[in-house]
Amino acid sequence: MQPALVCFDLAPLIVPSQKTLTAHRSFLLNPTEYLVATKGERHGRNKRGRGSTDIRALFPGELVEADECKLSLVSSSKERGYWERLSSNDKKALEEIDAEIRTRLTLLVMIDVATRMPLAWIVSDQPKAVATLALLRMATRDKAKEKAKYGCEGDPAPPMGLGMVKTDNGVGLRAKPVIQSLLGTVAAYTAVRTHASADKPYVERLIGTTESILVKLIHGYTGRKAGELPGYDSKANGVLDIDELYGILTRFFIDEYPSLRHMGVGMGGRRPAEVIKELNKTRGLFKLMDEDQRRIHLGWKLEVTPNDEGVRVFSGIWFNSPEFQIAVDDNAVTKVSVFVDPDNVNEATAIIPRVAGEFRLQLQVTAFADMTVPEVLELTEAHRREHPGVTEIHEDRIASTRRKRFDQLRRIGVENNLPRSYSTFDECRTKASHVFGGARIVRSFDDCRTVQPGEINSSLNGPGVLSIGDGGAAIDHQNDGLTAVSVEYATADDEGEVPIYSVQEPEPVVLPNTRQHEQKLLPIGRPKNKGTFK
């Protein structure tokens, strides 16, 4: 360009320095206008927003903030513990089902503004209203079980009531069931703007500290922005499952974060664990919620039918109380509403239609005391689980015993023709008159199961068929064309000599001393001489 200037006899172009340009820009725009022009209105409001330099709460539970954040972390939700028990065929069939599902989870957290103490934390793959209600239940209950389960040394925040809950427009935070539940528990609700850190700065600071101190050290960390970790495969390194991740977060929120010095407004470098102890002694906690109202608005609702044992929920957890039993007897009801706290099954609350007041029910199965609903179901599942070989042995034994009992009862019923397990006097007297009145029962031969071809429907031939009488009819048959038949029998001189039948040869083998007689059909009666009919 200089040769062109020389050609036109122009002076050299003087390029302004960076300092000159900055001064000119500062003359035209103030810092806030410049930040909005370069980073956007949302970033400018969060960076230079006012209103954070004030003490907004004086005692624990007066004001709490809740928020949800997508963790920059890939975790594994592979189901473990059962693969080793499967056979080789089952393993081959379940290879695709057992594949690891790696996904990013969402952290829901609630903090107390007066003490900066974490009140509740939930990890969920779907941050909906159900997860937010679980967050509210955790904030208003004792967390000693989490402390014992994950081996924490510090003391978590005690249970307290909620005066005002402040959230943004998150998917699960500003939901209709959440707002209804909060208003039902006489708690105020404030909805603030999304992506506006000045509206809820305390919970935003907690999430930022958690990610910078804890999350970035966990396997599977993806970074806060694209390209932050070049060469690191977060998907391949995401080996933690939900329970392991929740244990790490629990130890952080109970042991580590409350012990850190906090330099926020009103804290003065004190630690949250010491601040909540001091305020609890001097000012006290926000008033606890009524247990029945807490279960009604934050718990799980079930419609069940009451009986003499009370009410049964989840197919095996029983609740009852004397007052509830009297009310059920006095009021004919078919369904009642039972509200259960899924984190503690010691008590439940029941509401009877058209009956004023609530009824507090006590747990009837003492083995489930101080347990959660998932723990009760896992315990019951563990009791029902057994080795497949043991199951096969017992099922075969039950089937065999039932089969033998069925055959025995059927045989007794067929042989005795009894409608009951005993005989009456009239039945025995009637049967005796037939038994001792000259009737004769001729049993068929069990081994003779076949007849000659063409004689299957014959009324005169076949195993166990004898012709008696002087003509006219045969037993149980009607036949006008009766003729004399040949009857084989043994005489009195041939003691112990009887026809012998063989399974392989169905035809009778007649001994040498037998005689054949042609007789006419004679009436039945006791023979005067043995071996012949007279």
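In this predicted model, six strands make up an open sheet whose order is 6-9-10-11-8-7, with antiparallel pairing. Its edges are strand 6, residues 300-304, and strand 7, residues 311-313, each of which pairs on one side only. From one strand to the next, the twist averages 35 degrees.

Helix 12, which spans residues 291-298, packs on this sheet. The helix touches strand 6, strand 9 (336-341), strand 10 (344-351) and strand 11 (359-363). The direction of helix 12 makes about 85 degrees with that of strand 10.

At the other edge, strand 7 pairs with strand 8 (residues 317-320) in the antiparallel sense, over three bridges. Within this pairing, Val311 stands opposite Phe319 of strand 8.

**Salt bridges**

Side chains of opposite charge can pair when their charged atoms come close. The count of salt bridges in the model comes to 19. Three of these pairs are listed below with the distance between their closest N and O atoms.

| Acidic residue | Basic residue | Closest N and O atoms |
|---|---|---|
| Asp292 | Arg295 | 3.0 Å |
| Glu347 | Arg295 | 3.8 Å |
| Asp407 | Arg403 | 3.5 Å |

Asp292 and Arg295 are both part of helix 12 and lie three residues apart, about one turn of the helix. Asp292 counts as buried because its relative accessibility is 10%, under the 20% cut-off. Arg295, at 5% relative accessibility, also falls under 20% and therefore counts as buried.

Arg295 also forms a salt bridge with Glu347. This pair links distant parts of the chain, as Glu347 is in strand 10 and Arg295 in helix 12, 52 residues apart. Glu347 has a relative accessibility of 26%, so it counts as partly exposed. The bridge between Glu347 and Arg295 thus runs between strand 10 and helix 12, and helix 12 is also in contact with strand 10. A network of salt bridges links Glu291, Asp292, Arg295, Glu347 and Arg360.

The pair Asp407 and Arg403 belongs to helix 15, which covers residues 388-416. Because the two residues are four places apart in this helix, about one helical turn separates them. Asp407 is partly exposed, with a relative accessible area of 24%. Arg403 is likewise partly exposed, with a relative accessible area of 47%.

**A buried acid without a salt bridge**

Glu68 lies in strand 1, residues 63-76. Which side chain of opposite charge is nearest to the buried Glu68? It is Lys70, at 9.5 Å, and Glu68 has no salt bridge. A salt bridge requires a nitrogen of Lys or Arg within 4 Å of a carboxyl oxygen of Asp or Glu. A polar atom of the Glu68 side chain does lie 3.4 Å from the backbone nitrogen of Val171.

Apart from neighbours within four places in sequence, Glu68 is in contact with Thr106, Leu107, Leu108, Pro127, Gly170, Val171, Gly172 and Leu173. Val171 therefore appears both in this contact list and as the residue whose backbone nitrogen lies 3.4 Å from the Glu68 side chain.

Thr106, one of the contacts of Glu68, is found in strand 2, residues 102-112. Its relative accessible area is 6%, so Thr106 is buried. Leaving out residues up to four places away in sequence, Thr106 touches Glu68, Cys69, Lys70, Ile122, Val123, Ser124 and Pro127. Pro127 is in contact with Glu68 and is touched by Thr106.

**Helix 6 and the whole chain**

Helix 6, residues 129-139, is mostly covered, with 10 of its 11 residues buried. The buried residues of this helix include Leu133, Leu135, Leu136 and Met138, as well as Arg137. Thr132 is also among them, together with Ala129, Ala131, Ala134 and Ala139.

Over the whole chain there are 16 helices and 15 strands. The chain has 534 residues, and buried residues make up 32% of them. Of the contacts in the chain with a separation of 6 or more, 66% are between residues 24 or more positions apart.

Definitions and conventions:
Residues numbered from 1 in each chain as written. Predicted model: local features only at pLDDT ≥ 70, side-chain atom pairs only at ≥ 80, totals over all residues. Heavy atoms only, no water. Pairing = 2+ DSSP bridges. Axes fitted to C-alpha atoms, helices over the stretch in contact; angles between N-to-C directions. Contact = heavy atoms within 4.5 Å. Buried < 20%, exposed > 50% of the residue type's maximum accessible area, 1.4 Å probe, protein only. Lys, Arg positive; Asp, Glu negative; His and termini not counted. Polar contact = N/O pair within 3.5 Å; in protein donor to acceptor, adjacent residues only side chain to side chain.
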